[in-house]
Amino acid sequence: MTANIPAIPLGDAHHDAEAEYREEHLMLDPRPREEMNNMVLESMRDKSLSFWVTAGVLGMLVAVALFGAWGYMIANGMGVTGIRRPVFWGVFIANFVFWIGISHAGTFVSAILRVFKAEFRRPFTRAAELMTTFGLAAAGLYPLIHLGRTWRFYWMIPYPNQRWLWPNFHSPLVWDMIAITTYLLSSTMYLYLPLIPDLAMARDHSEGWAKKIYGWLAMGWRGTEAEFRHLNTAINIFAFAIIPVMFSVHTIVAWDFAVSKVVGWHSTVFGPYFVTGAILSGVSAVTMVLALIRGTMKNMKYFIRPEHFDALGKLVLIFSMSWGYFFFNDFNLEWYGGEAAGHAVMEYHTKGPLAWIWYGMLIANLIIPWATLWNKNVRRNPWAMFVIGFIINLGMYAERYMIVTFVLSRGRMPFDWGWYKPSLVELAISLGSIALFLFLYVVASRLIPLVPVWEVQEGQLAHTLRKIGRATVISVSELE
Amino acid sequence: MSEAAKEKWGMVIDLDACDGCQACVTACSLENNVAFAGEESVAYGHGMHWLRIQRYWEGEYPNITARYRPVMCQQCGAAPCEPVCPVFATYHSEAEQINVQVYNRCIGTRYCANNCPYEARTFNWFDFEWPEPLNAQLNPDVTVRRRGIMEKCTFCIQRIRRAEEDAKAEGREVADGEVQPACAQSCPTQAIVFGNLADPESKVSRLARSARAEKLLEDLGTEPKVIYLKGGSDRDR
Amino acid sequence: MSEKSTHAHMAVFAKIDHIAEALERLREFGIQEKDMSVISGYPISDEMLGRPMVWSNVPKIAMGGFIGAFIISIALNWGTPLLYPIHVGGQPLLPVPPTIILTFEISMLGLMLSTFLGVLWESLFPSYGPKIYHPDVSHGKIGLVFTCPDDQCAAIHKALTEAGAEWVRQMEAKPL
C-alpha cells in the first residue's frame with residue numbers, strides 16, 4: 001500500500017542528508033494517510049488510568065475551588081476577598097488579563113502563521129486554537145466573578161428590556177464584553193471549521209454512538225471539491241479577520257486601565273504593551289502545552305518535534321524583547337518627566353514592601369529568556385522550554401498583578417493610600433480557573449483529533465527535496 | 001454642561017474653620033443609612049463612610065500641625081466615574097447638576113471607585129445589619145443598600161427634593177439656606193456651607209468667590225462642585 | 001440527451017495523476033462536468049484535476065454580514081441613547097471614539113458569523129441525508145463520483161480501471 005503523497009524523490013548518493021531531513025522535519029517525513037489517522041485516533045482514544053485520575057482531580061478542583069468558592073462569595077458578599085479601599089480590583093482582574101493573554105496563543109500561532117504560510121505551524125494549530133477557546137472560557141468567567149451582584153450580569157447586554165435601559169456604550173467594560181464575545185465566538189468557529197474534515201475522518205473510523213456523534217458534528221462532510229473550496233475560503237477570511245480582532249481585544253483590555261484617570265494606568269503605550277505581553281505569555285504557554293502533549297500523549301513525538309520548539313522559542317525570544325521595549329517606554333517616561341503622583345506609584349513598585357514581585361518579573365520576563373533562548377540546544381529541548389515558558393508566565397502574571405493592585409494602592413491623595421493581599425477565597429477561585437482550563441483541555445484532547453490530519457497531509461504533499469548543485473535543499477510548493 | 005440650569009448645588013468648606021471633629025462623618029452616616037462596618041473592618045479597608053476627614057501632619061515635631069480636609073463626593077461636572085459604568089448606575093443629573101448613583105442599577109463592577117480621583121466611593125462588601133433596636137434609626141427617605149452595590153455622597157438629595165417640593169407647594173423658589181445636608185447641619189464651627197451656585201447672591205456663591213477658594217485636584221478637569229477655602233496656618237505657608 | 005436511466009457510481013484512486021486521467025476518460029464518454037465530482041481527504045485544487053473552478057459565495061455572504069452588523073452597531077451606538085438620554089462624565093450623548101471601537105467589534109463579529117454560516121449555506125450543511133460516499137476517502141484514497149447512463153456502464157468501468165482505479169462500482173446513497 002502506498003501513500004497518495006508523492007514520496008520524496010530519492011537521490012542516489014544523498015541518503016544521509018535525506019534521512020537527517022526526515023528526522024528533523026515532520027513535513028519531510030510523510031506517512032500514509034491511514035497510518036496517520038490511526039496514530040491520531042489512537043492518541044485520542046488512549047484513556048489510561050492517569051488520564052482518568054488527572055481529569056477527575058481537575059474536575060473536582062473546578063467544582064470545589066472554582067464554583068464552590070465562587071458560590072460562597074456570592075452568598076456572603078465581596079468582603080470575603082482581600083479587595084479593600086482603595087484597591088477595588090484584585091486578582092480577579094489580574095486573572096482576567098492573564099487568561100485573555102493566554103487566549104492570544106491560538107490565534108497568533110494559527111492565524112498569523114497561516115497568513116504568512118509558516119509551515120511549521122501545521123501539526124499544532126489545533127492544539128493552540130483550543131488554548132484560545134478555553135483560555136477565553138476561563139477569562140470570560142472573571143468579569144462575572146468579580147461583579148458585586150453577579151446575578152445581574154445580564155444588565156450589561158444590549159437587549160430591549162422592561163427598564164427601558166440600554167448599556168452605556170461609553171464604558172470600556174461594555175467594549176470589553178462585546179470584544180470578548182466577538183473573540184470567543186469567532187475563535188470557536190475558527191477552531192471548528194478546520195476540524196470538520198477531521199471529524200468526518202473520526203466518523204469513518206468509529207462505530208455506534210461515537211459514529212453518530214462525530215457524524216452529527218461533521219454535518220455531512222464528504223470532502224468534495226466544492227466543500228473544500230468553501231472551507232478554505234472561509235478559513236482564509238477568518239485568518240485575516242481574526243488577527244485585528246485579537247489585537248483589538250487585548251487593546252481594549254488595556255484600555256480598561258488606560259482610559260481611566262488613575263496615575264500609572266493612564267498611558268498611551270498600554271495598548272501595544274499589553275498586546276505584546278499577551279503574545280509573550282500566550283506563545284510561552286503554547287510551548288508548555290506542546291511539551292505536555294508530547295510527553296503524555298501517544299504518537300505525539302512524531303507530530304511535535306524539536307523543530308517546533310525551536311521555532312516557538314525564537315518567537316518567545318522576540319516577544320520577550322518587544323515586551324522589554326514597551327515596558328521600558330512606560331517606565332522611562334514616568335521616571336524622567338513624571339509628576340509626583342506617578343513617582344509615588346513607581347516607588348511603590350521599585351522600593352515598596354512588595355518590590356520583590358517587580359524584580360522577579362524583570363528576571364522572569366527578560367533575564368531568563370535572554371540568557372537561555374539564544375541557545376539552539378535549549379530551544380530544542382521540550383522540557384527546558386516548558387520550564388522557561390512557566391517562568392515567563394509567572395512573570396507575566398506578576399506584571400498584571402502589579403498593574404492592577406500596586407497602581408491602585410497609590411492614588412493621588414496620600415491619605416487614602418492602601419494595599420492589597422488576596423484572600424483564600426480569591427486564591428481558590430484562581431486555582432479553580434487554572435483547573436478549569438486544564439480540565440477542558442484534557443477532556444477535549446480525548447474527544448477530538450488534536451492534530452489536523454488533513455492539514456499535515458496537505459503540508460507533506462507540498463514539501464519535497466530537490467538538489468541544487470551538490471546540496472539537497474527543502475522545496476515547498478504552493479498548492480492553492 | 002448647561003450652566004444656565006436653575007439649580008447647581010454646591011458646597012463650600014472653610015478649612016480654617018474645620019477642626020476635624022468628625023461630627024459631619026457621624027451625621028452623614030445617620031442621615032443616609034450608611035452601614036457601621038466596625039472598627040476592624042474600617043481598618044481593613046471595608047469602611048463605608050461617605051465622608052472622611054483627611055488628616056495630614058505638617059512640619060516636624062515639635063512644630064507640628066494637624067491639617068484636616070473633609071472629603072466627600074465632589075459632585076463633578078465631568079465625573080470620571082460616570083462614563084465607565086456599563087449600566088448607567090451613576091450619571092450626571094441635569095436637574096440638580098450633581099452626580100447621582102442609582103443603587104438598583106448597580107451591578108458592582110467597582111470601576112467607578114477605581115476611576116474616582118477623590119476615592120469618594122464606598123462599596124457594600126457585605127449585607128450589613130442594623131440589629132434591634134438600631135434599625136429604628138434608619139432614615140425612611142433613603143434606600144438601604146444591599147451587598148455588592150456601590151454608594152457615595154449624594155449631597156443629601158432627599159433633603160434637596162423635600163425642599164423643592166415644599167417650595168413648589170407654596171409656589172415659591174427654594175430659599176437660600178433652606179437645604180442643608182447633614183454634614184453642614186451638624187458642623188459645630190459651620191465650616192460647611194451648602195447652597196445654589198447658580199444663584200450669584202447665595203451665601204455659597206459669595207464664599208466661592210473668595211480669594212482662598214480652591215478645588216481639589218482641579219487640574220484633572222473634573223469640575224468639582226465642592227469648593228475649599230484654603231486654610232492659612234500659624235506659620236503661613 | 002434523452003431520458004435514459006442513469007445511476008451513481010464511484011471509483012477510487014490512490015494518485016492525483018490517475019484521477020486527472022480518469023476525468024479525461026469520463027469526458028470522452030460524454031459525461032458532463034456537473035455529473036462528476038471528486039471527494040478527497042485533503043484539498044485538491046481544480047487546476048490539478050483540470051476541472052472548472054468552483055465558485056464560492058462565502059466572501060459575498062461574509063461582506064453582507066459585515067454590512068448588516070455595521071448598521072446594527074450604528075443603531076445601537078447612536079440610536080439607543082436617543083431613546084433614553086443619559087449624560088455621563090461631560091461626554092456627548094453620541095460619542096464618536098467609543099462608537100468606532102464597538103462598530104469595529106460588532107462588524108467583525110457579523111463578518112465572521114456570516115462567513116461561518118456561509119460555509120454551511122454553500123455546502124448545504126448540515127445534511128444528514130443519504131449520500132454517495134465510501135470511508136476509503138478518509139483512509140487516504142481519492143474518490144470519483146459520477147452518474148452515467150446504464151448502457152455505458154461497463155465500458156466506463158473498464159476505462160477507469162485502465163486509468164488506475166482501485167475499484168469502480170455502482171453505489172447507493174447511504175447515510176454517512
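Begin by selecting helix α4 (residues 91-115) and helix α9 (residues 225-258) of chain A, which pack at an angle of about 155° with their axes 9 Å apart. Because an angle over 145 degrees counts as roughly antiparallel, α4(A) is described as roughly antiparallel to α9(A). As you turn the view, keep in mind that this is a predicted model. The crossing in which α4(A) passes α9(A) is left-handed.

Now show the side chains between these two helices. On α4(A), the residues that make the contact are Val97(A), Ile100(A), His104(A), Thr107(A), Phe108(A), Ala111(A), Ile112(A), Arg114(A) and Val115(A). Facing them from α9(A) are Ala239(A), Phe240(A), Ile242(A), Ile243(A), Met246(A), Val249(A), His250(A) and Val253(A). If you colour this contact of α4(A) with α9(A) by class, you will find 13 nonpolar, three polar and one charged residues.

Keep α9(A) selected and add chain C, since the next stop is the place where these two chains meet. Here 54 residues of chain A are in contact with 55 residues of chain C. Which helix supplies the largest share of the side of chain A that touches chain C? That share, 16 residues, comes from α9(A). To see the other helices that take part, select α2 (33-45), α6, α7 (196-204) and α18 (453-462) of chain A, each of which, like α9, supplies at least two residues of this side. Sorted by class, the side of chain A that touches chain C divides into 28 nonpolar, 16 polar and ten charged residues.

Next, hide chain C for a moment and bring in chain B, where 34 residues of chain A are in contact with 33 residues of chain B. On the side of chain A that touches chain B, the largest share is three residues, and these come from helix α6 (residues 172-192) of chain A. The classes on that side of chain A are 17 nonpolar, ten polar and seven charged residues.

Staying with chain B, select the four strands that form an open sheet in the order β8-β1-β10-β9, with mixed pairing. Strands β8 (192-196) and β9 (213-214) of chain B stand at the edges, and each has a single partner strand, so one side of each is left without a neighbour in the sheet. Zoom in on strand β1 (residues 9-14) of chain B, which pairs with β8(B) in the antiparallel sense over five bridges. Within this pair, look for Gly10(B), whose bridge partner in β8(B) is Gly195(B).

Finally, return to chain C and colour its two domains, domain 1 (6-55 + 129-175) and domain 2 (58-122). Taken over C-alpha atoms, the centres of domain 1 of chain C and domain 2 of chain C are separated by 45 Å.

In chain C you can also select an open sheet of four strands, which has the order β2-β4-β1-β5 and antiparallel pairing. Its edges are β2 (36-39) and β5 (167-170) of chain C, each with a single partner strand, so one side of each is left without a neighbour in the sheet. Looking along the sheet, you can follow a twist that averages 20° from one strand to the next. Strand β4 (residues 142-149) of chain C pairs with β2(C) in the antiparallel sense over four bridges, and in this pair Ile39(C) stands opposite Gly143(C) in β4(C). End the tour at helix α5 (residues 153-163) of chain C, which lies across β1 (6-13), β4 and β5 of chain C and runs at about 160° to β5(C).

Conventions:
Residues numbered from 1 in each chain as written. Chains lettered and ligands numbered in written order. Predicted model: local features only at pLDDT ≥ 70, side-chain atom pairs only at ≥ 80, totals over all residues. Contact = placed C-beta atoms within 7 Å. Nonpolar A, V, L, I, M, F, W, Y, C, P; charged D, E, K, R; others polar. Domains from an automatic or database assignment. Pairing = 2+ DSSP bridges. Axes fitted to C-alpha atoms, helices over the stretch in contact; angles between N-to-C directions. Parallel < 35°, antiparallel > 145°, perpendicular 65-115°, else oblique. Left-handed = near helix turned anticlockwise from the far one by under 90°.
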